[in-house]
Amino acid sequence: MNVPVKQQASLQQIKEHLEKSLPTYTYSFRGSSILIVRKSSTAAALVMSRSNKIIVNEGFPTMGGQLLFVLCMLLLGILIPIIIYFAAFFPAQKAVRNEVAESLKLQFGQ
């Protein structure tokens, strides 16, 4: 989900705002370009800052969880893991993504 912004915001500014508006989540950085907003062990939002927008995507909060999902796709084929992903994991990840995006729209949006 793209959030258009008036001026570029750093990930540190975004993290400070989200810590105030969403205190129940945990925050960490994956490298220097991705902020992870974690709600549970399977639901998180990945936040990236660009010059004219903030990108918020759903995903797994850890690289281990993401690697496990890819490994399941390789071992079980594509169809079964995708069905399980969309039935079990995606709704919670989508809810986290939408909540983070709405908070960012209120603070940084146009």
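This briefing walks through the sheet, the helices and the largest pocket of the structure above. Please keep in mind that it is a predicted model. At its heart for our tour is an open sheet of five strands, paired antiparallel. Helix H3 lies across four of those strands, S1, S3, S4 and S5, and both H2 and H3 contribute to the lining of the largest pocket.

**The sheet as a whole**
- Reading across the sheet, the strands come in the order S1-S5-S4-S3-S2.
- Strand S1 (2-4) and strand S2 (26-30) each have a single partner strand, so they stand at the edges with one side left without a neighbour in the sheet.
- On average, and ignoring direction, neighbouring strands are turned by 25 degrees against each other.

**From the S1 edge inward**
- S1 runs antiparallel to S5, and three bridges join the two strands.
- To find this pairing in the model, start at Asn2, whose bridge partner in S5 is Ile55.
- S5 (53-59) also pairs with S4, again in the antiparallel sense, over six bridges.
- One of the places to look here is Ala45, which has Glu58 in S5 as its bridge partner.
- The link between S4 and S5 is a hairpin that passes through three residues.

**From the S2 edge inward**
- S2 and S3 (residues 34-38) run antiparallel and are joined by five bridges.
- Two residues help you follow this pairing: Ser28 has Ile36 in S3 as its bridge partner, while Arg30 has Ile34.
- These two strands form a hairpin as well, with three residues between them.
- Within that turn sits Gly31, with a positive phi of about 75 degrees.

**The helices**
- Helix H2 covers residues 63-76, which makes 14 residues.
- How far apart should the ends of H2 be, at 1.5 Å a residue? The expected span is 20 Å, and the end C-alpha atoms are 20 Å apart, so the two agree.
- Just after H2 comes Gly77, another residue to look at for its backbone, with a positive phi near 95 degrees.
- Helix H3 takes up residues 79-108 and runs at about 160 degrees to S5.

**The largest pocket**
- The largest pocket has a volume of about 190 Å³.
- Which helix gives the most to its lining? That is H2, with five residues.
- H3 also supplies at least two lining residues.
- Among the residues that line this pocket are Gly65, Leu68, Phe69, Cys72 and Leu76, along with Pro81, Ile84 and Phe89.
- Ser41, Thr42, Phe60 and Thr62 belong to the lining too.
- By class, the lining has eight nonpolar and four polar residues, with no charged ones.

Terms used
Residues numbered from 1 in each chain as written. Predicted model: local features only at pLDDT ≥ 70, side-chain atom pairs only at ≥ 80, totals over all residues. Heavy atoms only, no water. Helix = DSSP H or I, 4+ residues; strand = E, 2+ residues; numbered from the N terminus. Expected span 1.5 Å × (residues − 1). Pairing = 2+ DSSP bridges. Axes fitted to C-alpha atoms, helices over the stretch in contact; angles between N-to-C directions. Contact = heavy atoms within 4.5 Å. 1 Å grid on protein atoms, 1.4 Å probe; cavity = no way out; pocket = protein on both sides within 12 Å on 5 of 7 lines; lining within 4 Å. Points joined across faces, edges and corners; volume = space filled by probe spheres on them. Nonpolar A, V, L, I, M, F, W, Y, C, P; charged D, E, K, R; others polar.
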